[in-house]
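Hi everyone, thanks for making time today. I'd like to walk you through a structure that is new to most of us, so please have a look at it on the screen.

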Amino acid sequence: MADLTLSLKPKLPSVLDRSLYFGTSSPKKPAEVSLSSFCFLFAEIVGYCRQQVKTTTEWEERLASIGYQVGLRTLDLCVSRDKAPKRETSLLSMLLFIQNSCWKMLFGKPASSLLENESEHTYIIVDDDMQVDRYISVPADFADLNCAAFVAGIVRAILSEAQFHCRVTAHSSENPAEFPNQRRFRVEFEPHVLARDARLNEARKK
């Protein structure tokens with residue numbers, strides 16, 4: 001009698017189940033994106049954005065615009081991976097979602113901290129070891145360029161797509177001696193977003 005046993009090939013993981021983080025491979029946590037490959041690609045992006053710009057601000061705006069396109073896809077991908085997705089309506093909950101879920105998907109770890117400046121109604125996402133722009137060198141006349149503007153564009157896209165319209169800017173470490181690779185992303189929400197969040201918070205208290 002013929003053997004009817006089926007030979008099943010092992011199922012390959014879906015692209016939606018793969019991590020996008022990069023770094024040095026190890027047996028416990030293999031990198032799925034080579035850091036050297038990413039740095040080469042990002043250096044090309046920075047060079048491309050350098051074309052036809054006259055100021056540091058214009059250069060950072062072009063980097064942020066490319067990051068914005070990445071951010072639009074990041075939100076969809078992060079939600080599709082979530083086993084129990086839900087729409088965040090609270091401003092703080094959405095920021096925590098970015099700090100943890102989105103950051104971990106992109107960089108393999110949560111952002112280091114989330115700070116709030118109550119007097120200015122702004123928030124700051126802090127990453128103490130941002131690798132995106134670690135190996136990027138810029139011309140001397142653009143020494144104050146912050147290539148992490150690319151990540152700022154990602155953050156703004158995620159928030160804007162979730163209807164938390166805002167302005168996001170990238171800043172270097174306030175303590176470069178201790179945290180030379182730290183990047184701080186300042187999030188300033190539009191007035192109507194803050195007003196909506198205040199109304200929802202009052203409704204939750206009732």
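Before we start on the pocket, a word on how residues are sorted: Ala, Val, Leu, Ile, Met, Phe, Trp, Tyr, Cys and Pro count as nonpolar, Asp, Glu, Lys and Arg as charged, and the others, Gly among them, as polar. Please also keep in mind that this is a predicted model.

Now, the largest pocket. It holds about 300 Å³ of space. Of its 15 lining residues, Glu60, Glu61, Ala64, Val168 and Thr169 are the closest to the centre. Two or more lining residues come from each of α2, α4 and β5, and α2 gives the most, with six. Sorted by type, the lining has six nonpolar, five polar and four charged residues.

Next, the largest nonpolar core. There are 47 residues in it, and the ones touching the most other members are Trp103, Leu159, Phe185 and Phe189. Several elements supply at least two residues each, including α1, α4 and β6, while the largest share, 10 residues, is from α3. To take one example, Leu159 touches Met94, Leu95, Ile98 and Phe189, among others further than four places away in sequence.

Finally, the aromatic rings. The count comes to six aromatic pairs. In one of them, Phe38 and Phe42 have ring centres 5.9 Å apart and planes at 5°, so this pair is stacked. Both residues sit in helix α1, four residues apart, or about one turn. And are they buried or exposed? Phe38 counts as buried at 18% relative accessibility, and Phe42 counts as buried at 1%. Ring pairs also bring in Phe150, making a cluster with Phe38 and Phe42.

Methods:
Residues are numbered from 1 along each chain as its sequence is written. This is a predicted model: local features need pLDDT of at least 70, side-chain atom pairs count only at pLDDT 80 or more; totals for chains, interfaces and linings use all residues. Side-chain values use heavy atoms; hydrogens and water are left out. A nonpolar core is a set of buried Ala, Val, Leu, Ile, Met, Phe, Trp, Tyr and Cys residues joined through side-chain atoms within 4.5 Å. Buried means under 20% relative accessible area, exposed over 50%, partly exposed in between (1.4 Å probe, protein chains only). Contact means heavy atoms within 4.5 Å. On a 1 Å grid over the protein atoms alone, a cavity is a set of points where a 1.4 Å probe fits but cannot get out, and a pocket is an open set with protein on both sides within 12 Å along at least five of seven lines; lining residues have an atom within 4 Å of a point. Grid points are joined across faces, edges and corners, and a volume is the space filled by probe spheres set on the points. Rings of Phe, Tyr and Trp (its six-membered ring) pair if their centres lie within 6.5 Å; planes under 30 degrees apart count as stacked, over 60 as edge-to-face and the rest as tilted.
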